[in-house]
Amino acid sequence: MPGITIALDIGGTFTDLAAFDERTGQVHHAKSSTTPKELANGIRETLRKSGLDLGMAETFVHGSTTAINTALERSGARTALVTTRGMRDVYEIARDNRMEAYNVLFKREAPFTPRHLIFEIEERLDHRGAVVRPFDADQATQIAKKIAAQNVEAVAICFLHSYINPAHEQQMADIIRNALPGVYVTISSDVLREYREYERTSTTVINSYV
């Protein structure tokens with residue numbers, strides 16, 4: 001049975017709504033100020049102005065420029081990264097591609113997490129997810145203390161082959177959350193469960209950063 005489609009977009013300045021009622025052909029529009037500290041408030045205000053309720057929607061579509069604005073403005077959280085020993089420089093090395101091949105002045109953007117906020121831990125899984133080197137909980141606790149001393153607001157965790165077996169990442173996340181209550185934590189196996197270390201690391205970092 002046809003119903004109402006509601007589309008909402010959170011922009012840097014305004015939150016916009018457009019809705020279409022397939023039964024009547026009626027189109028609804030509404031706009032309110034974006035509320036950065038609590039984005040849901042802007043959404044609720046826009047819905048109120050439109051006279052619609054989410055319960056009326058057969059389809060609800062939501063988009064936002066909040067994350068990309070944060071990245072472009074480099075206004076995100078102070079973010080630490082925890083990775084498998086030996087993988088510390090994967091994030092900064094990135095991929096060996098050059099966006100402007102003949103521009104001798106070309107320079108990559110600085111990473112969102114600087115090297116001094118990247119910490120390595122003894123642990124290792126193979127490509128099948130089997131444990132090669134057990135997770136060192138004592139070392140993880142010490143790393144959590146070091147991170148706490150850096151006054152970070154978010155932590156990204158990306159371990160080798162965790163896309164197959166997330167157990168070590170989950171253990172690290174538990175220790176971080178206990179040691180740093182209120183700090184936002186992302187593990188790579190939650191946001192991008194695929195192989196390729198740089199892509200997984202950079203995605204996890206940006207998720208925490210924004």
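## Strands β1 and β2 and their sheet

In this predicted model, strand β1 (residues 4–10) and strand β2 (residues 14–21) run antiparallel and are joined by 7 bridges. Within this pairing, I6 of β1 stands opposite A19 in β2. Strands of a sheet pair through backbone hydrogen bonds, either parallel or antiparallel.

Both strands belong to an open sheet of 4 strands, ordered β3-β2-β1-β4, in which the pairing is mixed. The edges are taken by β3 (27–33) and β4 (57–64); each has a single partner strand, so one side of each has no neighbour in the sheet. From one strand to the next, the twist averages 15°.

Helix α1, formed by residues 39–50, lies across β1, β2, β3 and β4. The helix runs at about 140° to β3.

## The parallel sheet

Another open sheet of 4 strands has the order β6-β5-β9-β10, and its pairing is parallel. Its edge strands are β6 (118–121) and β10 (184–187), each of which pairs on one side only. Here the twist averages 20° from one strand to the next.

Strand β9 covers residues 154–158 and is joined to β10 by 4 bridges, the two running parallel. In this pairing A154 stands opposite Y184 in β10.

## Helix α7

Helix α7 (residues 197–209) lies across β5 (79–84), β9 and β10, and runs at about 165° to β9. How far apart should the ends of its 13 residues be? At 1.5 Å a residue, the expected span is 18 Å, and the end C-alpha atoms are indeed 18 Å apart, so the two values agree.

The buried residues of α7 are E197, R200, T201, S202, T204, V205, S208 and Y209. An α-helix has 3.6 residues a turn, so residues three or four places apart point the same way.

## The aromatic pair

Searching the whole structure gives 1 aromatic pair. The ring centres of F112 and Y209 lie 4.5 Å apart, and the planes meet at 40°; the pair therefore counts as tilted, because that class takes angles that are neither under 30 degrees nor over 60. The pair links distant parts of the chain, with F112 in the loop between α3 (90–93) and β6, and Y209 in helix α7, 97 residues apart.

Are the two partners buried or partly exposed? F112 has 22% relative accessibility and so counts as partly exposed, whereas Y209 is buried, with a relative accessible area of 7%. The cut-off for buried is under 20%.

Note on methods:
Residues numbered from 1 in each chain as written. Predicted model: local features only at pLDDT ≥ 70, side-chain atom pairs only at ≥ 80, totals over all residues. Heavy atoms only, no water. Pairing = 2+ DSSP bridges. Axes fitted to C-alpha atoms, helices over the stretch in contact; angles between N-to-C directions. Contact = heavy atoms within 4.5 Å. Expected span 1.5 Å × (residues − 1). Buried < 20%, exposed > 50% of the residue type's maximum accessible area, 1.4 Å probe, protein only. Phe/Tyr/Trp six-rings, centres within 6.5 Å; stacked < 30°, edge-to-face > 60°.
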